[in-house]
Protein chains: 2
Amino acid sequence: MLTYTVWVASSKDRRRTGRRPGASGTREAITDAARHQFAELGYDRATIRGVATEAGVDPALVVHFFGSKQRLFLSVMTLPFEPEEAMPRILAGRRSEVGLRLAQFAVGILEEPKAQRVVTGIIRAATSEPEAARMVRDLFAERVVGAIAEGLAVADARLRANLVSSQVIGLVMARYVVRVEPLASLPPEALIKAIAPTFQRYLVGPLEAQGAGAPKPGAA
Amino acid sequence: MLTYTVWVASSKDRRRTGRRPGASGTREAITDAARHQFAELGYDRATIRGVATEAGVDPALVVHFFGSKQRLFLSVMTLPFEPEEAMPRILAGRRSEVGLRLAQFAVGILEEPKAQRVVTGIIRAATSEPEAARMVRDLFAERVVGAIAEGLAVADARLRANLVSSQVIGLVMARYVVRVEPLASLPPEALIKAIAPTFQRYLVGPLEAQGAGAPKPGAA
DNA sequence: AGCTTAAGTCTACGTGCGTTGACTTCTTAT
DNA sequence: ATAAGAAGTCAACGCACGTAGACTTAAGCT
């Protein structure tokens, strides 16, 4: 028979220090709290003390587990997908719908709360912590660029990846950071339809055309 | 005859305190330094002390002039254009080229160093200082939305303004904050051509079409 | 049972920051 | 000539933060 020991803080309880009985799940609590704080407050304003409070824990424990604030950030902000695995899947298939598939993938990922916090946290942190900016640069410039170059056999793969990145970053900023309405509350399906053609042209459409985004038949 | 007194700091000079002789131009130096620091470092990491150092001035003088860090930010980050004046000019004219005109305007503004710092500073600050986020929300959601609704007589004016905003914000982030290549070094003309069709569709194109960004003839 | 290790708290150090108040020097208007 | 005010510096306060170290309690292995 398994027994669960529940830790209840009490003012009468003299033992406040030391290990808590049973499986505490504290590490996960810290992880969740950190993701929440980083996503909501940005890197600088999120504090170890704040994370500890939200997790119901002493600040020193956060350091004990993760070493430092920067290491905490890196440990907690791991992408919920692998670009090297996801991109080829998206780029394969009918070329005329690659933008739609990418839009579905991106918006879909961002609907998942944990993933949303990770992506928002990383992009937000990129504005203050250079290490995070490097992550974004690496992610959007290097990791997806290879996939695009290989998967689409298109010229200007780097630039195309940059353009897609800029729209994704802007979307996250507008929808989850600045929270501008009605975009912030737009249902996923509507959002997908709104941005899919943009991705489509950035990925496989003409980049120098002055026209109104109407590529030659068969080009997109 | 006008005489210019040049202040040269010297270790032999005993008078280090008090007003400096002549017109010092100190206030402008502080303004420039503040814009530079806010744009380069973001709101939180830009410090009054750092601004003062770059301006060659005591930190207390910055406070003396501007009152507080937040007031300094607001005083210094004034838009280099009036949306209420600029947007109608952009939206008027041939409807099929409204996206191009907007792209030319936006990219053109951002080529000017001072304007670039202001816009970058505001967007960057929006990720940490709620007051700055409010500025962005106001600017992109309210001020341009009226112009679009009136100037284009189109449905979903708010959403269209949001979408344009998201691409502008993402562009600034990718090009000036994260600095991802080759986008960061892309010549203005190429950038304009790359994003004009996106603006075009966001402004007057169909938003629900699943197609590849090829609107019905005459619609865009 | 006993020993090692992991989980957890407490206290406190040092740093950098925004901001304040007292003081000094120069400009300007009377 | 002089007084008022603007421009400018200096020193310091108080606060919040990241982090370190000593200590305590529970878990796990032999």
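Start with two helices of chain B: the axes of α5 (residues 83–91) and α6 come within 9 Å and cross at roughly 145°. Axes here are lines fitted to C-alpha atoms, for helices over the stretch in contact, and angles run from 0 to 180 degrees between N-to-C directions. Helices are DSSP runs (H or I, at least four residues), strands are E runs of at least two, and both are numbered from the N terminus. From α5(B), the contact uses B:Ala86, B:Ile90 and B:Leu91, while α6(B) brings B:Val98, B:Arg101, B:Leu102 and B:Phe105. Being in contact means that the C-beta atoms of two residues, placed from the backbone, lie within 7 Å. Sorted by class, this contact has six nonpolar residues, no polar ones and one charged. For that sorting, Ala, Val, Leu, Ile, Met, Phe, Trp, Tyr, Cys and Pro count as nonpolar, Asp, Glu, Lys and Arg as charged, and the others, Gly among them, as polar.

A quick word on the ground rules: this is a predicted model, where local features need pLDDT of at least 70, side-chain atom pairs count only at pLDDT 80 or more, and totals for chains, interfaces and linings use all residues. Residues are numbered from 1 along each chain as its sequence is written, and chains are lettered from A and ligands numbered from 1 in the order in which they are written.

Now look at α5 in chain A. A:Met87, A:Ile90 and A:Leu91 are buried there. A residue is buried if 20 or more other C-beta atoms lie within 10 Å of its own, exposed if 12 or fewer, and partly exposed in between, with C-beta atoms placed from the backbone. These three cover an arc of only 90° around the axis, which puts them on the same side of α5(A); the arc is that of the directions from the helix axis to the C-beta atoms. An α-helix has 3.6 residues a turn, so residues three or four places apart point the same way. Flip to the other side of α5(A) and you find A:Glu85 and A:Arg89 exposed. The cover over the buried residues includes α6 (98–111) and α8 (130–152) of chain A. Just past the end of α5(A), A:Gly93 has a positive phi of about 95°.

Stepping back, chain A has 10 helices and zero strands. Of its 220 residues, 44% are buried. Among contacts in chain A with a separation of 6 or more, 60% come from residues 24 or more positions apart.

How confident is the prediction, and what is the mean pLDDT of chain A? The mean is 86, and 84% of the residues reach 70 or more; pLDDT is the predictor's confidence in each residue, from 0 to 100. Residues 1–14 of chain A fall below 50, and this stretch has seven contacts in the model beyond near neighbours in sequence. Residues 210–220 of chain A are also below 50, with 32 such contacts. Where pLDDT is low, the predicted coordinates should not be read in detail.

Next, the pair of chains. Chain B lands on chain A with an RMSD of 0.0 Å after a turn of 180° and a shift of 0.0 Å along the axis. The two copies are thus related as by a two-fold rotation axis. (The superposition is by least squares on the C-alpha atoms of residues with pLDDT of at least 70 in both.) Within chain B, B:Gly170 comes closest to that axis, with its C-alpha at 1.8 Å.

The contact between the chains takes 49 residues from chain B and 51 from chain A. On the chain B side, α9(B) gives the most, with 13 residues. By class, that side has 25 nonpolar, 15 polar and nine charged residues. Every interface residue of chain B (100%) is also an interface residue in chain A, so the copies meet through the same surface.

One residue to find is B:Arg137, in helix α8 of chain B. B:Arg137 touches A:Val178 and A:Val180, leaving aside residues up to four places away in sequence. B:Arg137 counts as partly exposed, with 18 C-beta neighbours inside 10 Å.

Finally, some backbone spots in the loops:

| Where | Backbone angle |
|---|---|
| A:Glu181 to A:Pro182, cis peptide bond | omega about 10° |
| B:Glu181 to B:Pro182, cis peptide bond | omega near 10° |
| A:Arg179, not glycine | positive phi near 55° |
| B:Asp156, not glycine | positive phi near 60° |

A:Pro182 is in the loop between α9 (157–177) and α10 (188–204) of chain A, and A:Arg179 lies in the loop between α9 and α10 of chain A. B:Asp156 lies between α8 and α9 of chain B.
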